[in-house]
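Trainee: Could we take a close look at one part of this chain together? I'd like to start from a single residue and work outwards.

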Amino acid sequence: MVRKEPNQVQYEFNTGWQKVIKSQSESIFDDINSKLKKIDIEMEELKKQVDTLKKMNLENLKREYNEKDEIIGDLKNNINDLSVAVDDFKKNIEDLLNEVNNRVDEQRRLFDSQILMLNETIKLILDKINELDKKSSGFFRFFGR
């Protein structure tokens, strides 16, 4: 298996999360657009009803008022649904961003520890080289080197 560079792993991870966020965003925005279209249709219906109400008698006005009240209740429910969808979307985005940040922090800590281990290894190698150099310097002087 080919070992990937840390930057490549992080890039692939971030790209994956971006796709998830984009997919959820599109789904939520499609839902919002659908509900907005529904609201527009209901608003057009309300406008037509207002025009006809001007021509009706008092009894018809009461009946139409009740129907409008129901439509307004539906509109309020649709607006509440939209609010919930937006809140859910916001929470999902926040959760995804927190997950990305946590993974970035994990990678940073991993790289920091690997760098420290590498520095310690280099120091040990240099110490060993210096130790061998000290031991060998007497040996070479003995043979005229």
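What relative accessibility does Asp 81 have, and how does Asp 81 count on the scale from buried to exposed?

Mentor: Good place to start. Keep in mind that this is a predicted model. Asp 81 comes out at 37% relative accessibility, so it counts as partly exposed.

Now see who Asp 81 pairs with. Its partner in a salt bridge is Lys 35, and the closest N and O atoms of the two are 4.0 Å apart. This pair ties together distant parts of the chain, since Lys 35 sits in helix α1 and Asp 81 in helix α2, with their positions 46 residues apart in sequence. As a general idea, side chains of opposite charge can pair when their charged atoms come close.

Lys 35 has another partner too. Its side chain meets that of Asp 31 in a salt bridge with an N to O distance of 3.8 Å. This one stays inside helix α1, where Asp 31 and Lys 35 are 4 residues apart, about one turn of the helix. Put the two pairs side by side and you get one network, with Asp 31, Lys 35 and Asp 81 joined by salt bridges that share partners.

How covered are the other two members? Asp 31 has a relative accessibility of 32%, so it counts as partly exposed. Lys 35 has a relative accessible area of 18%, and it counts as buried because the cut-off for that word is under 20%. Look at the network again with that in mind: the buried residue is Lys 35, and it is the one that pairs with Asp 31 and with Asp 81.

For another pair in α1, go to Lys 22 and Glu 26. Their side chains form a salt bridge at 3.9 Å, N to O. The two are 4 residues apart in helix α1, so about one helical turn separates them. Lys 22 is exposed, with a relative accessible area of 51%, while Glu 26 is partly exposed at 41% relative accessibility. The structure holds 10 salt bridges in total, and the pairs we've visited are some of them.

Next, let's see what else connects the helices. The chain has 2 helices and 0 strands. Helix α1 covers residues 6-53, and helix α2 covers residues 58-142. There is a nonpolar core to look at here: the largest one has 14 residues, and Trp 17 and Leu 75 touch the most other members. Both α1 and α2 give two or more residues to this core. In general, nonpolar side chains in soluble globular proteins tend to be buried together.

Zoom in on Trp 17. Apart from residues up to four places away in sequence, Trp 17 touches Leu 96, Glu 99 and Val 100. It also takes part in one of the 2 aromatic pairs in the structure: Phe 13 and Trp 17 meet edge-to-face, at 6.1 Å centre to centre and with 75° between the planes. Those two are again 4 residues apart in helix α1, about one turn. Phe 13 is buried, at 17% relative accessibility.

Moving along α1, Gln 10 is worth a stop. It is buried as well, with a relative accessible area of 17%. Leaving out neighbours within four places in sequence, Gln 10 is in contact with Arg 103, Val 104 and Gln 107. Gln 10 and Arg 103 are 93 residues apart along the chain, yet their C-alpha atoms are separated by 8.7 Å. That sort of link fits the overall count: among contacts between residues at least 6 apart in sequence, 79% join residues at least 24 apart.

Finally, step outside. In the whole chain of 145 residues, 17% count as buried. The accessible surface is about 12200 Å², and 57% of it belongs to carbon and sulfur atoms. One nonpolar patch of about 460 Å² is made by Leu 118, Ile 122, Ile 125, Leu 126 and Ile 129. Take Ile 122 from that group: it lies in α2, and at 41% relative accessibility it counts as partly exposed. So back to your residue: Asp 81 is partly exposed too, at 37%, and its salt bridge with Lys 35 links α1 to α2.

Definitions and conventions:
Residues are numbered from 1 along each chain as its sequence is written. This is a predicted model: local features need pLDDT of at least 70, side-chain atom pairs count only at pLDDT 80 or more; totals for chains, interfaces and linings use all residues. Side-chain values use heavy atoms; hydrogens and water are left out. Patches are made of residues with over 30% relative accessible area and no salt bridge: like charges are joined within 9 Å, nonpolar side chains (Val, Leu, Ile, Met, Phe, Trp, Tyr) within 5 Å. Accessible areas come from the Shrake-Rupley method with a 1.4 Å probe; for residues, only the protein chains shown count as cover. Buried means under 20% relative accessible area, exposed over 50%, partly exposed in between (1.4 Å probe, protein chains only). Contact means heavy atoms within 4.5 Å. A nonpolar core is a set of buried Ala, Val, Leu, Ile, Met, Phe, Trp, Tyr and Cys residues joined through side-chain atoms within 4.5 Å. Rings of Phe, Tyr and Trp (its six-membered ring) pair if their centres lie within 6.5 Å; planes under 30 degrees apart count as stacked, over 60 as edge-to-face and the rest as tilted.
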